[in-house]
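Subject: A structure for you to explore

Hi there,

I am passing on a structure that I have been looking through, and I thought you might enjoy turning it around on your own screen. Please open it and keep it beside you while you read.

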Amino acid sequence: MRADTLDPFTVVSADGALLRGFRRPGPGPTAVLVHGVAMDTGVWLESGFLGELAGMEVLALDLRGRGGSERVGSARRHAVEHCVADVRAVLDAFPRERYSLFGLYFGGRIALLTAAADARVARAVSFCAHAEEVALPEEAVEAEAAAIEGPGGRAYLRDHFTAAGAPRWMTDACERADLPELAAATRGLRYGSGQAVPPCRPGQELVLVTADQDPGLADFRAGERRLGARLHLVGAPSRIRAAHRLAEAAGQLAGVPEEAG
Ligand SMILES: COC(=O)C[C@@H](NC(=O)[C@@H](NC(=O)[C@@H](/N=C1/NCC(=O)N2CC[C@@H](C)[C@H]2C(=O)N[C@@H](CC[S@@](C)=O)C(=O)N[C@H]1C(C)(C)C)C(C)(C)C)[C@@H](C)c1ccccc1)c1nccs1
């Protein structure tokens with residue numbers, strides 16, 4: 001298989017945060033990839049996702065505090081509005097007619113929120129994150145942040161994801177994480193990450209992907225009704241175990257011609 005040429009890029013977000021990422025050239029439509037909380041652009045290579053998007057031009061960024069991007073330090077600067085601004089900075093740096101956004105877990109919610117905010121997004125695909133309001137349990141999220149920044153932070157992540165049946169690429173991403181910054185990103189979830197995704201714009205296509213046995217399937221079904229999203233189910237017992245099948249799902253979805261704009 002031809003080795004992918006990945007061209008590194010640097011963009012500056014609205015609040016000045018320096019973001020890094022890579023562009024994989026391609027003749028086809030442009031895909032923008034948004035990773036989850038404890039991840040970075042490495043997941044796209046290691047999950048096989050990139051190979052499934054053959055033909056598309058791919059732009060993948062490290063969100064603030066992850067991968068090669070700037071450590072912003074505070075929970076407030078990890079608010080979801082800043083993550084949306086990070087994605088929009090990539091769109092601004094690579095002007096195209098339209099973009100397809102693919103987001104993994106929390107990156108899926110960021111992709112959906114970016115679509116709601118930006119008409120340049122023709123399609124947003126959220127893998128394993130729905131669009132409905134989520135009441136974040138303050139104590140549980142704080143406990144998780146404390147665990148992550150504590151002495152056993154690496155083990156907390158590795159053990160939780162391994163126990164939940166996460167694929168190697170997800171647990172390996174946790175090994176690369178900057179733990180104090182990941183704790184800040186976790187605390188930053190309280191600033192807007194639970195908000196429901198507003199209705200999208202006419203002509204935009206939203207796709208929600210989750211496990212067919214996801215206990216939270218109702219929240220994904222709600223997105224079908226409320227936002228006119230399409231629901232794409234993968235055979236898996238849970239959202240985390242669906243991660244083994246997401247690259248394959250991406251291949252199926254990327255091949256689907258965009259609905260008439
Ligand atoms: C049911 O959860 C799963 O299926 C695991 C799944 N998480 C999710 O889908 C959503 N989170 C949650 O549901 C819930 N949040 C959580 N802490 C926020 C959070 O997520 N993390 C913070 C740190 C980072 C690692 C990431 C994460 O992953 N921690 C796992 C913990 C390891 S895992 C093996 O248990 C997680 O979930 N901890 C929960 C609890 C603390 C409540 C226990 C609630 C409160 C939002 C409902 C994410 C996408 C989300 C949605 C809306 C708003 C904010 C976040 C995964 N995400 C990535 C890979 S797997």
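Below is what I found, starting with the sheet and then moving on to the ligand, some helices and a few single residues. Please keep in mind that this is a predicted model.

**The sheet**

A good place to begin is the open sheet, which is made of eight strands with mixed pairing. If you walk across it, the order is E1-E2-E4-E3-E5-E6-E7-E8. Strand E1 (7–12) and strand E8 (230–234) are the edges: each has a single partner strand, so one side of each has no neighbour in the sheet. On average, neighbouring strands here are turned by 20° against each other, if you ignore direction.

At one edge, E1 pairs with strand E2 (residues 18–24) in the antiparallel sense, over six bridges. To find this pairing on screen, look for Phe9, which stands opposite Gly21 in E2. These two strands form a hairpin with five residues between them, and Gly16 in that hairpin takes a positive phi near 95°.

Two helices pack on the sheet. Helix H9 (residues 217–227) touches strand E7 (205–211) and E8, and its direction makes about 165° with that of E7. Helix H10 (residues 246–255) touches strand E5 (99–104), strand E6 (121–127), E7 and E8, and its direction makes about 155° with that of E6.

**Strand E3**

Is strand E3 (residues 30–34) mostly covered or mostly uncovered? It is mostly covered, since five of its five residues are buried. Thr30, Val32 and Val34 point one way from the strand, while Ala31 and Leu33 point the other way, and all of them are buried.

E3 has pairings with two strands that you can trace. With strand E4 (residues 57–61) it pairs in the parallel sense over five bridges, and there Val34 stands opposite Leu61. E3 also runs parallel to E5, joined to that strand by five bridges; Leu33 has Phe102 of E5 as its bridge partner.

**The ligand**

Next, have a look at the ligand. The residues that surround it number 21, and the closest are Pro137, Glu144, His160, Phe161 and Thr186. Glu144 is worth zooming in on: one of its polar side-chain atoms lies 2.7 Å from a nitrogen atom of the ligand. On its own the ligand has 910 Å² of accessible area, and the protein covers 79% of that.

**Helices H8 and H7**

Thr186 leads us to helix H8 (residues 179–188), where it is one of the buried residues. Nine of the ten residues of this helix are buried, so H8 is largely enclosed by the rest of the structure. Which helices do these buried residues pack against? They pack against H5 and helix H6 (153–163).

Helix H7 (residues 168–176) has buried residues too, namely Trp169, Met170, Thr171, Ala173 and Cys174. Among the elements that cover them are helix H1 (42–46), E5 and H6.

**Three residues in loops**

Here is some background for the next two residues. Most residues other than glycine have a negative phi.

Tyr105 is not a glycine, yet it has a positive phi of about 55°. You will find Tyr105 in the loop between E5 and helix H4 (106–117). With a relative accessible area of 13%, Tyr105 counts as buried, because the cut-off for buried is under 20%.

Cys128 also has a positive phi without being a glycine, with a value near 70°. Its place is the loop between E6 and H5, and Cys128 is buried, with a relative accessible area of 3%.

Finally, Ala131 lies in the loop between E6 and helix H5 (138–149). Is Ala131 buried or exposed? It is buried, with a relative accessible area of 0%. Leaving aside neighbours within four places in sequence, Ala131 is in contact with Arg109, Leu112, Ala196, Val197, Arg226 and Leu227. How far apart are Ala131 and Gly194 in sequence and in space? They are 63 residues apart in sequence and 9.2 Å apart in space, going from C-alpha to C-alpha.

Enjoy exploring, and write back with any questions!

Best wishes

Definitions and conventions
Residues numbered from 1 in each chain as written. Predicted model: local features only at pLDDT ≥ 70, side-chain atom pairs only at ≥ 80, totals over all residues. Heavy atoms only, no water. Pairing = 2+ DSSP bridges. Helix = DSSP H or I, 4+ residues; strand = E, 2+ residues; numbered from the N terminus. Axes fitted to C-alpha atoms, helices over the stretch in contact; angles between N-to-C directions. Contact = heavy atoms within 4.5 Å. Near = heavy atom within 4 Å. Polar contact = N/O pair within 3.5 Å; in protein donor to acceptor, adjacent residues only side chain to side chain. Areas by Shrake-Rupley, 256 points an atom, 1.4 Å probe, with all protein chains shown as cover. Buried < 20%, exposed > 50% of the residue type's maximum accessible area, 1.4 Å probe, protein only.
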